[in-house]
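Here is a short set of exercises to work through with the model open beside you. Try each task first, then compare your steps with the solution.

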Amino acid sequence: MIKINEIYLSVQGESSHTGLPCVFVRLTGCNLRCVWCDTAYAFHEGKNMSLDDALREVDSFGVKLVEITGGEPLMQDDVYPLMDRLIEKKYKVMLETGGSLSLEKVPRDVIKIVDFKCPGSGEHEKNNLDNLKLLAPHDEVKFVILNREDYEWSREFVKKYKINESAHILFSPVFEKLDLKDMVKWILEDRLPVRLQTQLHKVIWSKDAIGV
């Protein structure tokens, strides 16, 4: 059994797959409490489902890109057989994870989007740096950036660990807290090898929309 907050079809709002139709499987529970979190409703709310029932619901949408997210999906042991079975069914599987829990058991074919926490989140001391050794070329490292201090911290993190040599890098300003123009200016000034992203789903619908 796995505790699921919601399963829904939308367009991918983040990552290098932005804009593509995607089925989202949001699991319940999180071990972090980032100050800007926009999915606090997933901390506790959800229902227990068998893997068979969850897979049937994913299948019902007829879309082959799936993102497993949370909360923090790696808190639940059954997330691993869920990912295995999705891969067996020829889905392209993405995993959004907060970077504090080990990636060691994540199946090789899964596209890992690892959200290392900046100081502005209040949770940066929980980053698991061993995960940097477990990144594959198809993986992505995301930094959610609240302010200039977070930007500078992320810039030095990228340089120190040479992340651009092992994975794609995403810089994502906290919605309505940091202006996109400022982020672009900083990235261009520093010639950083990073991809700017915004949360497309919030642009299309609203910052408070759920299930889209």
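The exercises below go from strands to rings to the surface.

This is a predicted model, where local features need pLDDT of at least 70, side-chain atom pairs count only at pLDDT 80 or more, and totals for chains, interfaces and linings use all residues. Residues are numbered from 1 along each chain as its sequence is written, and side-chain values use heavy atoms, with hydrogens and water left out.

**Exercise 1. Find out why strand β6 counts as largely enclosed by the rest of the structure.**

Step 1. Locate β6 at residues 111–116; strands here are DSSP runs of E with at least two residues, helices are runs of H or I with at least four, and both are numbered from the N terminus.

Step 2. Check burial, where buried means under 20% relative accessible area, exposed over 50% and partly exposed in between, with a 1.4 Å probe and protein chains only. In β6, 6 of the 6 residues are buried, so the strand is largely enclosed.

Step 3. Look at the two faces. In a regular strand the side chains alternate between the two faces of the sheet. Here I111, I113 and D115 lie on one side and K112, V114 and F116 on the other, and all are buried.

Step 4. Add the neighbours, remembering that two strands pair if DSSP finds at least two bridges between them. Strand β5 (residues 92–97) pairs with β6 in the parallel sense over 4 bridges, and M94 stands opposite I111. Another 4 bridges join β6 to the parallel strand β7 (residues 140–145), where V141 is the bridge partner of V114.

**Exercise 2. Trace the chain from β7 to β8 and give the handedness of the crossover.**

Step 1. Begin with the pairing: β7 and β8 are parallel, with 6 bridges, and K142 stands opposite L170 in β8.

Step 2. Follow the path from β7 through helix α3 (residues 148–161) to β8; this β-α-β crossover is right-handed. That word applies if, with the strands pointing away from the viewer, the path from the first strand over the helix to the second runs clockwise.

Step 3. Continue along the chain: β8, α4 and β9 make a right-handed β-α-β unit. L170 has R195 as its bridge partner in β9.

**Exercise 3. Classify the ring pairs Y8 with F24 and F143 with F171.**

Step 1. Recall the cut-offs: rings of Phe, Tyr and Trp (its six-membered ring) pair if their centres lie within 6.5 Å, and planes under 30 degrees apart count as stacked, over 60 as edge-to-face and the rest as tilted. The structure holds 9 such aromatic pairs.

Step 2. Y8 and F24 are stacked, at 5.2 Å centre to centre with 15 degrees between the planes. The pair links strand β1 (residues 2–11) to strand β2 (residues 21–27), and both Y8 and F24 are buried.

Step 3. F143 and F171 are edge-to-face, at 5.6 Å centre to centre with 75 degrees between the planes. This pair joins β7 to β8, across 28 residues of sequence.

Step 4. Widen the view: ring pairs link F143 and F171 into a cluster with other residues, including F116, Y151 and W186.

**Exercise 4. Decide whether L188 is buried or exposed.**

Step 1. Place L188 in helix α4.

Step 2. Read its relative accessible area of 53%, which means L188 is exposed.
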